[in-house]
Amino acid sequence: GINTTRNISRAELQRHNKNTDAWTAIHGKVYNLTPYLIFHPGGEEVLQAAGKDGTKFFSTHLSIVLLFTLSFHSPAFTMDTHPWVKVEYILDCCLLGFLKD
């Protein structure tokens with residue numbers, strides 16, 4: 001995580017769009033995805049959100065993947081019954097700052 005608030009411009013965010021340097025914004029918070037890439041079950045698929053606002057990607061992508069994966073193992077699973085699954089929580093240690101408009 002971060003110790004101080006840092007504002008990050010969209011121009012700066014856009015420069016970080018490679019697998020060796022990948023940042024994304026989710027709900028106005030900017031995260032460094034680079035250390036997370038090796039843990040992501042879909043591999044580098046998450047790079048689709050690198051260098052830009054990934055809010056829509058993560059909300060749609062994560063919901064679909066989790067629903068498919070977890071419903072396969074537990075037919076009773078829905079996002080409504082597991083609201084604790086949050087991208088922001090998973091990426092908390094990767095938080096860099098806040099997107100400046």
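**Strands, a helix residue and a salt bridge in a predicted model**

S59 is partly exposed, with 40% of relative accessible area. The structure described here is a predicted model, and within this model S59 is placed in helix α2, which covers residues 55-73. Although S59 and I26 are 33 residues apart along the chain, their C-alpha atoms are separated by 9.0 Å, and I26 in turn leads to the strands described below.

As a whole, the secondary structure of the protein is made up of 3 helices and 6 strands, and these elements follow one another along the sequence in the pattern β-α-β-β-β-β-α-α-β. The protein has 101 residues, of which 36% count as buried, while the area that the protein exposes comes to about 6,400 Å², with carbon and sulfur atoms supplying 58% of that area. When contacts with a separation of 6 or more are considered, 64% of them are accounted for by residues that stand 24 or more positions apart.

The pairing of the strands can be followed from β3 to β4 and from there to β6. Strand β3, formed by residues 21-26, runs antiparallel to strand β4, formed by residues 29-32, and 4 bridges join the two. Together β3 and β4 form a hairpin that has 2 residues between the strands, and in the turn H27 has a positive phi of about 50°. On either side of this turn, I26 stands opposite K29 in β4. Strand β4 also pairs with strand β6, residues 95-100, again in the antiparallel sense and over 3 bridges. In this second pairing K29 stands opposite F98 in β6, whereas Y31 has L95 of β6 as its bridge partner. Strand β6 is joined as well to strand β1, residues 7-9, by 3 bridges, and here the two strands run parallel; in this pairing, K100 in β6 is the bridge partner of S9. As a rule that applies to regular strands, the side chains alternate between the two faces of the sheet.

Within strand β3, the surroundings of T24 were examined more closely. T24 has a relative accessibility of 0%, and because buried means under 20%, this residue counts as buried. A polar atom of the T24 side chain lies 2.8 Å from the backbone oxygen of A49. When neighbours within four places in sequence are left aside, T24 is in contact with residues that include K29, V30 and Y31, as well as L13, L33, A49, K52, D53, G54 and F58. K29, one of these contacts of T24, is also the residue that stands opposite I26 in the pairing of β3 with β4.

Side chains of opposite charge can pair when their charged atoms come close. In this model the count comes to 1 salt bridge, which R6 forms with E12, the closest N and O atoms being 2.5 Å apart. The two partners fall into separate classes of accessibility: R6, at 34% relative accessibility, counts as partly exposed, whereas E12, at 15%, counts as buried because its value is under the limit of 20%.

Notes. Residues numbered from 1 in each chain as written. Predicted model: local features only at pLDDT ≥ 70, side-chain atom pairs only at ≥ 80, totals over all residues. Heavy atoms only, no water. Pairing = 2+ DSSP bridges. Helix = DSSP H or I, 4+ residues; strand = E, 2+ residues; numbered from the N terminus. Buried < 20%, exposed > 50% of the residue type's maximum accessible area, 1.4 Å probe, protein only. Polar contact = N/O pair within 3.5 Å; in protein donor to acceptor, adjacent residues only side chain to side chain. Contact = heavy atoms within 4.5 Å. Areas by Shrake-Rupley, 256 points an atom, 1.4 Å probe, with all protein chains shown as cover. Salt bridge = Lys/Arg side-chain N within 4 Å of Asp/Glu carboxyl O.
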